[in-house]
Amino acid sequence: MPIVIRPLGDPDVEPVVSLWHAVGLTRPWNDPHRDIARARAVWSDLLLVAADGARVVGSVMAGYDGHRGWLYYLASDPDRRGEGIGRMLVAEAEQRLEALGCPKVMLMVREGNDAVTDFYGAIGYARDATSVLGKRLIPDD
C-alpha cells in the first residue's frame with residue numbers, strides 16, 4: 001500500500017504523540033497534545049501525517065507567519081527509516097507553504113543532532129547565520 005501524506009485527523013493524535021515520544025522529539029516543558037491543538041487551531045492543513053493504510057508512519061508540523069515558514073516535529077517511524085518518509089513529508093509541507101506565498105522555510109535542530117542536520121543538508125537546507133532566541137508565554141505544566 002502506498003504511503004499517503006494528509007492532514008492530521010482526530011484518530012491520528014495519539015499515534016503521532018507516541019511517534020514523537022519514540023523518536024525523542026518531546027520535552028517535559030512542551031505538552032505535545034497542546035502543541036497539536038494549537039497548530040490545528042491556526043493551520044490545520046499544515047500538520048501532516050504519513051499514513052500507510054491506517055498506520056501513522058510519520059509526521060511534520062509546518063507554520064507560516066506571513067514572512068517565513070517553519071517546520072517542526074518531523075518524524076518517521078524508526079522501523080521505516082530509509083524509505084523516504086521524511087523527504088515526502090518535507091516536500092509536501094514545502095509545497096503547501098509555497099502555495100501560501102511563503103518565500104523561505106526555516107527549522108531548528110538541537111545541537112549535536114548531526115544525523116538530522118545531515119538529513120536536512122541532503123535535501124537542500126543550509127545553516128543560516130542567525131541565533132534563535134525564545135521566551136515562553138504560556139507554560140504547559
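Here is a short chat about helix packing, one odd backbone angle and the nonpolar cores of a predicted model.

Colleague: What should I know about the numbering and the cut-offs?

Modeller: Residues count from 1 along each chain as its sequence is written, and side-chain values use heavy atoms, with hydrogens and water left out. The model is predicted, so local features need pLDDT of at least 70 and side-chain atom pairs pLDDT 80 or more, while totals for chains, interfaces and linings use all residues.

Colleague: Why are α3 and α4 called oblique to each other?

Modeller: Helices here are DSSP runs of H or I with at least four residues, and strands are E runs of at least two, numbered from the N terminus. The axes of α3 (residues 85–99) and α4 (residues 114–122) cross at roughly 55° and come within 11 Å. Axes are lines fitted to C-alpha atoms over the stretch in contact, with angles from 0 to 180 degrees between N-to-C directions. Under 35 degrees is roughly parallel, over 145 roughly antiparallel, 65 to 115 roughly perpendicular and the rest oblique. The pair is therefore oblique.

Colleague: Which residues of α3 and α4 meet?

Modeller: Gly86, Arg87 and Val90 of α3 meet Phe119, Tyr120 and Ala122 of α4, where contact means heavy atoms within 4.5 Å.

Colleague: What makes α1 oblique to α2?

Modeller: Their angle is about 125°, with the axes of α1 (residues 13–22) and α2 (residues 32–43) 10 Å apart. That value fits none of the other classes, so α1 is oblique to α2. The contact includes Trp20 of α1 and Ile36 of α2.

Colleague: How do you know that Tyr73 is buried or exposed?

Modeller: Buried means under 20% relative accessible area, exposed over 50% and partly exposed in between, using a 1.4 Å probe and protein chains only. Tyr73 has 14%, so Tyr73 is buried. Tyr73 sits in strand β4 (residues 69–76) and has a positive phi of about 50° although it is not a glycine.

Colleague: What makes a set of residues a nonpolar core?

Modeller: The members are buried Ala, Val, Leu, Ile, Met, Phe, Trp, Tyr and Cys residues joined through side-chain atoms within 4.5 Å. The largest such core has 19 residues, and Val60, Leu71, Leu89 and Leu97 touch the most other members. α3 gives the most to this core, with five residues.

Colleague: Which residues does Leu71 touch?

Modeller: Leaving aside residues up to four places away in sequence, the contacts of Leu71 include Val60, Val90, Leu97 and Tyr125.
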